[in-house]
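I opened the model today to look up a few points on its helices, loops and cores. My notes follow in the order I took them.

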Amino acid sequence: MVQKTKVLSGKNSKSRLEKHHIEDLIGRSYMSFCVLLLIVAIVSMVYFVMSKGLSTFAVNKVSVSEFLFGTTWSPEGDNPSYGAFPFIAGSFVTTLLAALIASPLSICAALFMTEIVPGWGKKLLQPVIELLSGIPSVVYGFVGLSVIVPFLRNVFPGQGIGVAAGALVLSVMILPTITSVAADALSALPNNLKESSYALGATRWQTIARVVLPTTMPAIMTGVVLGMARAFGEALAVQMVIGNAPFIPKSLFESASTLTSVITLSMGNTTMGSPQNNALWSMALVLMLMTFLFVFVVRLLEKRRAIR
């Protein structure tokens with residue numbers, strides 16, 4: 001009887017072991033399939049955009065210097081010109097201005113939540129940040145048209161639409177990204193660093209300025225770069241307030257255009273394979289390369305995040 005029980009127990013253990021092996025095989029196969037699918041999707045996307053974007057230079061014989069540094073965008077007519085520099089400049093200017101406006105506000109909000117009043121401050125600001133991150137882009141655009149553009153029109157010269165309006169709208173849109181990353185970085189800071197500063201007689205503001213911010217600056221800059229990446233690729237909200245003029249603006253209150261806005265406005269009005277369509281795909285290629293650059297910068301900053 002005892003021997004029979006041992007045999008049955010051995011069979012049950014063997015069946016359970018086989019079941020675990022099958023479950024492990026299924027899990028590994030599913031994860032491998034998902035990773036492979038992701039790699040194929042990314043490689044296919046990069047190949048498609050590059051093949052379309054390089055057609056401007058390989059098929060239509062447009063020089064790279066003319067496309068990147070030319071200031072005239074006139075894809076129609078007898079003498080077409082495909083200078084995309086006004087759109088590239090518009091994208092960089094609005095992105096940099098948005099980062100300059102949003103970064104100090106985001107860092108101050110993160111410090112308020114983690115260092116000044118970590119109790120009710122986080123309870124107050126965290127829902128606001130989550131709400132801002134969930135608002136659709138078209139809502140930001142409507143708010144910009146209804147509030148920011150009339151304000152700029154009444155206070156500054158011009159019609160209100162332009163680089164300044166686009167930068168202000170983008171700065172509000174990237175606030176949640178920078179604030180969240182900065183707050184996480186400040187929360188992860190070891191308490192012994194701050195306690196050592198206090199033990200040496202430093203005040204709270206001296207500790208924040210000389211210990212907290214310098215230590216967490218690489219992580220905070222990661223949030224800034226991520227916010228810039230989102231601002232650089234934003235289309236709808238900027239398109240509604242920037243004016244969409246294919247010229248290099250001479251002031252912040254003049255109309256301009258960005259890479260994303262000209263792509264969304266013109267892509268549906270072109271024929272696939274035409275020179276203008278290929279030029280728009282070249283702009284998409286520039287956007288993709290800038291995204292890779294932002295990711296590369298984030299990776300460099302992440303290597304400096306470890307506290308030594």
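I began with Asn-244, which sits in the loop between H10 and H11. I noted that its phi is positive, near 60 degrees, although Asn-244 is a residue other than glycine. The model is predicted, so I keep to computed values throughout. Is Asn-244 buried, exposed or partly exposed? Its relative accessible area is 26%, and I entered Asn-244 as partly exposed because that value falls between the 20% and 50% cut-offs.

I then went to Lys-61, another non-glycine residue with a positive phi, here about 60 degrees. Lys-61 is in the loop between helix H2 (55-58) and helix H3 (64-69). With a relative accessible area of 66%, Lys-61 is over the 50% limit and therefore counts as exposed.

Record entries

I checked what UniProt says about the chain. An unreviewed entry there places "transmembrane region" at residues 30-50, 84-112, 124-149, 161-186, 207-229 and 279-301. I looked at two of these spans in the model. Residues 124-149 are 92% helix and 0% strand, and 29 Å separates their end C-alpha atoms. Residues 207-229 are 100% helix and 0% strand, with end C-alpha atoms 31 Å apart.

The unreviewed UniProt entry also gives "domain: ABC transmembrane type-1" at residues 88-302. I found that span to be 79% helix and 0% strand. Its end C-alpha atoms lie 27 Å apart.

H8 against H9

How do the axes of helix H8 (residues 191-199) and helix H9 (residues 204-233) cross? They come within 10 Å of each other, at an angle of roughly 145 degrees. I recorded the crossing of H8 and H9 as right-handed. On the H8 side the contact residues are Leu-193, Lys-194, Ser-197 and Tyr-198. These meet Arg-204, Thr-207, Val-211, Val-212 and Thr-215 of H9. By class, I have four nonpolar, three polar and two charged residues in the contact of H8 with H9.

Nonpolar cores

Next I looked for the largest nonpolar core and found that it has 52 residues. Which residues have the most contacts inside it? They are Trp-73, Phe-87, Val-169, Leu-259 and Met-283. I listed the elements that give two or more residues to this core: helix H1 (2-53), helix H4 (85-116), helix H6 (137-155), helix H7 (163-187), H9, helix H10 (236-241), helix H11 (259-266) and helix H12 (275-303). H12 supplies the largest share, 13 residues.

I followed Met-283 further. Leaving out residues up to four places away in sequence, Met-283 touches Phe-67, Trp-73, Ala-84, Phe-87, Leu-259, Val-262 and Ile-263. A second, separate core has twelve residues, including Ala-110, Ile-129, Val-212 and Ile-220. I had already met Val-212 in the contact of H8 with H9.

Single residues on the helices

Leu-168 lies in helix H7. Leu-168 has a relative accessible area of 29% and so does not qualify as buried, which requires under 20%; I entered Leu-168 as partly exposed. Which residues does Leu-168 touch, not counting residues up to four places away in sequence? I found Ile-101, Ile-148 and Leu-152. I also took the C-alpha to C-alpha distance from Leu-168 to Leu-97, which is 8.1 Å across 71 residues of sequence.

I found Val-143 in helix H6. Val-143 is partly exposed, with 43% relative accessibility. Leu-97 came up again here: the C-alpha atoms of Val-143 and Leu-97 are separated by 19 Å, and the two residues are 46 apart along the chain.

My last lookup was Gln-126, in helix H5 (residues 120-134). Its relative accessibility is 26%, and Gln-126 counts as partly exposed. Between the C-alpha atoms of Gln-126 and Ile-148 I have 25 Å, for residues 22 apart along the chain. Ile-148 is also one of the residues that Leu-168 touches.

Note on methods:
Residues numbered from 1 in each chain as written. Predicted model: local features only at pLDDT ≥ 70, side-chain atom pairs only at ≥ 80, totals over all residues. Heavy atoms only, no water. UniProt positions renumbered as here; feature names shortened; annotations may be inferred. Helix = DSSP H or I, 4+ residues; strand = E, 2+ residues; numbered from the N terminus. Axes fitted to C-alpha atoms, helices over the stretch in contact; angles between N-to-C directions. Left-handed = near helix turned anticlockwise from the far one by under 90°. Contact = heavy atoms within 4.5 Å. Nonpolar A, V, L, I, M, F, W, Y, C, P; charged D, E, K, R; others polar. Core = buried A, V, L, I, M, F, W, Y, C linked by side-chain atoms within 4.5 Å. Buried < 20%, exposed > 50% of the residue type's maximum accessible area, 1.4 Å probe, protein only.
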